[in-house]
Amino acid sequence: MKYLRQFLIILAVSLIGEILKAVLPLPIPASIYGMVLMFILLLTGVIKLGQVRETGRFLIEIMPVMFIPAGVGLMSSWNVLQPVLLPVSVITVITIFTVMGATGLISQTIIKMDGKESK
Amino acid sequence: MTEFMQNSAYAGVTISLISYALGSWLKKKFGFGFFNPLLISIVVTILVLVSCNVSYETYNEGAKYLSWLLTPSTVCLAIPLYEEWELLKKNAKAVILGVFSGVITSLITVFVLSKMMGLSHENYVTLLPKSITTAIGMGVSEELGGYVTITVAVIVITGVIGNILGEFICKIFRIHEPISKGLALGTAAHAIGTAKAMELGDVEGAMSSLSIAVAGVFTVVLASLFASFM
């Protein structure tokens with residue numbers, strides 16, 4: 001019963017996210033509205049951590065599995081992808097390196113600078 | 001057997017889950033990044049479907065319930081975020097500037113490489129939202145007039161590669177700070193990268209799920225600007 005109740009709360013927040021997406025004209029998906037809303041509800045104490053924690057942890061743990069269908073969808077978009085496969089692959093791989101490098105190094109430098117200041 | 005496969009709503013998903021479990025087992029046994037359960041599952045599932053002549057539509061009859069769980073699960077990413085809130089507040093500057101520079105870098109890299117390789121405007125805008133979460137990325141690509149199916153494919157591939165190479169890339173750039181590792185994974189490889197960050201630790205995971213949302217919003221704002229460059 002505990003898990004069912006937790007899942008119900010999570011679904012209710014997802015539903016409100018869906019409603020917000022339908023009402024607001026921004027290109028933001030329901031899940032992100034829901035995530036922000038869930039965060040606010042936890043922060044304000046409307047939802048207690050214990051009311052969602054276990055089911056939430058479980059869903060996060062099995063999350064990679066939920067991307068399998070999208071990945072398998074490659075088989076149906078293959079004919080559109082094939083003519084631009086080489087440039088697209090090159091861009092895809094290089095971008096991962098540049099983005100991770102930039103984000104990681106800049107945030108790390110800031111953390112180190114702030115650490116020195118406070119000492 | 002083949003005929004049965006072509007009509008079953010469960011066979012495809014079962015194969016996906018078995019190959020995922022197999023991938024997890026291989027990874028545990030050999031601890032090698034290439035044995036990524038997600039990648040193995042995608043490849044095995046496609047091979048089985050193609051060799052049994054099963055259409056994606058048939059497969060998706062069962063598999064759509066896996067995708068259905070994605071929205072409530074993304075909502076749950078708020079939980080680790082809440083649990084690490086104090087840490088996050090303390091490092092707000094690093095989070096915002098780090099993710100912002102990552103988003104700008106992503107857009108610039110795509111722009112420069114697309115220009116160099118002479119891609120069409122449509123292909124260029126298709127790739128612009130490649131680093132962010134599928135749900136937002138699809139919206140951006142559609143808005144800008146890109147090929148949404150390719151955007152989805154590229155986003156997934158980006159996530160999988162980020163998931164596989166993430167630890168290695170952190171090593172090359174000497175990113176040791178758990179906060180920075182999380183931010184880098186989430187900004188470069190969205191939710192699939194976050195799955196990796198969750199494995200590394202709670203701090204990494206929370207920072208990574210935070211950066212999915214922040215990077216998504218920055219990209220929504222900046223992508224339309226970049227779309228006008230080419």
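A residue counts as partly exposed when its relative accessible area falls between the buried class, under 20%, and the exposed class, over 50%. With that in hand, welcome to a set of close-ups of a predicted model.

**Figure 1. A salt bridge between A:Arg57 and B:Asp202.** The side chains of A:Arg57 and B:Asp202 come together at 3.7 Å, N to O. A:Arg57 sits in helix α3 of chain A and B:Asp202 in helix α13 of chain B, so this pair joins two chains. How accessible are the partners? B:Asp202 has a relative accessible area of 44%, so it is partly exposed. A:Arg57 is also partly exposed, at 30% relative accessibility. Stay with these two residues for a moment: through shared partners, salt bridges link A:Arg53, A:Arg57, B:Glu83 and B:Asp202 into one network.

**Figure 2. B:Glu199 and its partner B:Lys27.** Here the closest N and O atoms of the salt bridge are 3.0 Å apart. Which parts of chain B does the pair tie together? B:Lys27 belongs to helix α2 (residues 11–30) and B:Glu199 to helix α12 (residues 178–200), so the bridge connects parts that are 172 residues apart in sequence. B:Lys27 is partly exposed, with a relative accessible area of 22%.

**Figure 3. B:Glu199 again, now with B:Lys196.** In this salt bridge the closest N and O atoms lie 3.4 Å apart. The two residues are three apart in helix α12 of chain B, so about one helical turn separates them. Is B:Lys196 buried or exposed? At 7% relative accessibility, B:Lys196 counts as buried, because the limit for that class is under 20%.

**Figure 4. Where chain A meets chain B.** In this view, 64 residues of chain A are in contact with 93 residues of chain B. Between them the two chains bury about 7300 Å², 83% of it on carbon and sulfur atoms. On the chain A side, A:Met35, A:Phe67 and A:Met100 lose the most area to chain B, together 10% of what that side buries.

**Figure 5. Polar links and helices at the interface.** Four salt bridges cross from chain A to chain B, out of nine found over all chains. One of the four joins B:Lys93 to A:Asp114, with the closest N and O atoms 3.5 Å apart. The interface also holds 11 residue pairs in polar contact, both members at pLDDT 80 or more. Helices α1 (2–23), α2 (30–43), α3 (53–61), α4 (68–72), α5 (74–81) and α6 (85–118) of chain A each supply at least two residues to the side that touches chain B. Which helix gives the most? That is α6(A), with 24 residues. Sorted by class, this side of chain A has 45 nonpolar, 16 polar and three charged residues.

**Figure 6. The largest nonpolar core.** This core has 89 residues, and A:Met38 and B:Leu128 have the most contacts inside it. Helix α13 (residues 202–227) of chain B gives the most to the core, with 11 residues. What surrounds B:Leu128? Leaving aside neighbours within four places in sequence, B:Leu128 is in contact with B:Leu107, B:Val110, B:Leu144, B:Ala223, B:Phe226 and B:Ala227. Apart from the largest core lies another, of 11 residues, including B:Ile161, B:Ile169, B:Cys170 and B:Ala188.

How values were computed. Residues numbered from 1 in each chain as written. Chains lettered and ligands numbered in written order. Predicted model: local features only at pLDDT ≥ 70, side-chain atom pairs only at ≥ 80, totals over all residues. Heavy atoms only, no water. Contact = heavy atoms within 4.5 Å. Buried area = accessible area lost by both parts, 1.4 Å probe. Polar contact = N/O pair within 3.5 Å; in protein donor to acceptor, adjacent residues only side chain to side chain. Helix = DSSP H or I, 4+ residues; strand = E, 2+ residues; numbered from the N terminus. Nonpolar A, V, L, I, M, F, W, Y, C, P; charged D, E, K, R; others polar. Core = buried A, V, L, I, M, F, W, Y, C linked by side-chain atoms within 4.5 Å. Buried < 20%, exposed > 50% of the residue type's maximum accessible area, 1.4 Å probe, protein only.
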